[in-house]
Amino acid sequence: MNSETGFGTDGIGTEETDNEVRRLGHRRTFGLFVVSTLAYSWGLWTLLVFDLVPASMTTPLILLGGFGPLVGALLTLRLTGSSIRTWLRSNLRYRIPLRWYALAVVLPPLLIVGSSIAYVTFTDASYAFDELAALWMFPLGLVLTFLVGGGNEELGWRGFAQPALQEGLSAFASSVLVGLVWFVWHVPLFFVPGSSQAGVPMLPYAIGVLATAVVLAWLYNATGSLLIPWLYHASINPAGGYFLAGVAGLKTVSGYGTYALLVAVVAVALLVHYGPSDLASRAKVRLSDLV
């Protein structure tokens with residue numbers, strides 16, 4: 001490993017020196033990741049915000065921009081002299097209990113349905129069962145989102161940024177910082193007609209993203225595998241089609257706010273149960289463990 005990265009040692013220094021290098025390294029590594037991720041994605045999405053390209057380019061550019069976190073991770077790994085192959089192999093562990101795979105796929109729809117019931121119960125909204133997506137669309141949406149529609153972001157957010165920050169910060173603090181950048185990264189899409197964020201209230205969305213970042217950090221640290229938060233993220237988008245008051249209801253302040261609040265309750269419960277340090281029953285994942 002390149003000693004300038006702040007990850008790994010040459011076997012000569014003391015443990016105290018190694019810890020200090022890691023504390024300094026995680027800040028620079030995260031900074032490189034954020035700058036390169038935003039530069040790539042915002043560079044593409046700015047073309048849409050200012051109508052600099054034909055409308056037919058909207059979906060392709062949104063999808064291409066979605067690979068920004070991966071581009072940021074790969075570029076930062078390259079600049080810090082880390083092995084991309086080792087990082088990928090370490091992250092994509094798949095021999096874990098099946099219950100984690102099931103939880104990752106099922107929990108987002110449960111939160112959507114639960115929040116929609118609360119939304120209808122406590123507001124003057126009504127159910128819109130005739131507007132719900134067909135059940136067969138969920139697995140299709142899951143696969144598509146896993147590959148290109150949002151789940152692929154996890155290679156950067158949880159697969160790189162989370163463990164990089166966890167070199168010197170608690171799992172909870174790391175998840176909040178990643179969540180903040182994750183939200184800011186999405187901001188241009190609120191101004192792009194046709195994007196998933198168009199028409200969604202920004203403040204509830206921000207709360208939902210921060211809470212989801214905590215849940216995803218728990219899944220990542222609890223399993224040591226990126227596949228689980230990746231599946232969870234991939235499940236979120238198609239799950240929105242099963243908001244029982246209709247997608248239009250989900251895009252209201254109270255509708256999305258109810259969903260965000262429920263995810264926040266889950267996040268707080270995880271924080272209370274596991275504590276902020278590791279946010280799991282096992283040691284948090286550090287980037288130095290992966291590369």
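Start with the helices around the largest pocket of this predicted model. Select α2 (58-65), α6 (137-147), α8 (171-186), α9 (202-223), α10 (227-239), α11 (247-250) and α12 (253-274): each of these supplies at least two residues of the pocket's lining. Which helix gives the most? Colour α6, because that's your answer, with six residues in the lining.

Now look at the space those helices help to line. The largest pocket has a volume of about 1,200 Å³. Its lining is made of 43 residues, and the closest to the centre are Gly149, Ser196, Ile236, Asn237 and Pro238. Show those five as sticks and you'll have a handy marker for the middle of the pocket. How does a program find a space like this? Rolling a probe the size of a water molecule over the atoms shows where empty space is left.

Try colouring the lining by class next. You should get 23 nonpolar residues, 18 polar ones and two charged ones.

**Next stop: a patch on the surface**

Select Leu63, Val143, Leu147 and Val148, and switch on the surface. Together these residues make a nonpolar surface patch of about 310 Å². Zoom in on Leu147, which lies in helix α6, the helix that gives the most to the pocket lining. Is Leu147 buried, partly exposed or exposed? Its relative accessibility is 49%, so Leu147 counts as partly exposed; the exposed class begins over 50%.

**A pair of opposite charges**

Move on to Glu154 and Arg158. Side chains of opposite charge can pair when their charged atoms come close. Here the side chains of Glu154 and Arg158 meet in a salt bridge, with 2.7 Å from N to O. The count for the model comes to one salt bridge, so this pair is the one to look for. Why are the two about one helical turn apart? Both sit in helix α7 (residues 154-165), and they are four residues apart there, which means about one turn separates them. Hide the surface to get a good view, as Glu154 and Arg158 are both buried.

**Two loops with a positive phi**

Go to Asp51, in the loop between α1 (15-49) and α2. Phi of Asp51 is near 55 degrees, a positive value in a residue other than glycine. Asp51 is exposed, because its relative accessible area is 66%.

Then jump to Leu279, in the loop between α12 and α13 (287-290). Phi of Leu279 is also near 55 degrees, again positive in a residue that isn't glycine. Buried or exposed, then? Leu279 has 0% relative accessibility, so it counts as buried.

**Last stops: two buried leucines**

Select Leu226, in the loop between α9 and α10. Leu226 counts as buried because its relative accessibility is 0%. Draw a line from its C-alpha atom to that of Leu216, 10 residues away along the chain, and your viewer should give 9.5 Å.

Finish in helix α2, where you'll find Leu61. At 6% relative accessibility, Leu61 counts as buried, since the buried class covers values under 20%. Draw one more line, this time from Leu61 to Leu48: they are 13 residues apart in sequence, and their C-alpha atoms are 7.9 Å apart in space.

How values were computed. Residues are numbered from 1 along each chain as its sequence is written. This is a predicted model: local features need pLDDT of at least 70, side-chain atom pairs count only at pLDDT 80 or more; totals for chains, interfaces and linings use all residues. Side-chain values use heavy atoms; hydrogens and water are left out. On a 1 Å grid over the protein atoms alone, a cavity is a set of points where a 1.4 Å probe fits but cannot get out, and a pocket is an open set with protein on both sides within 12 Å along at least five of seven lines; lining residues have an atom within 4 Å of a point. Grid points are joined across faces, edges and corners, and a volume is the space filled by probe spheres set on the points. Ala, Val, Leu, Ile, Met, Phe, Trp, Tyr, Cys and Pro count as nonpolar, Asp, Glu, Lys and Arg as charged, and the others, Gly among them, as polar. Patches are made of residues with over 30% relative accessible area and no salt bridge: like charges are joined within 9 Å, nonpolar side chains (Val, Leu, Ile, Met, Phe, Trp, Tyr) within 5 Å. Accessible areas come from the Shrake-Rupley method with a 1.4 Å probe; for residues, only the protein chains shown count as cover. A salt bridge is a side-chain nitrogen of Lys or Arg within 4 Å of a carboxyl oxygen of Asp or Glu. Buried means under 20% relative accessible area, exposed over 50%, partly exposed in between (1.4 Å probe, protein chains only).
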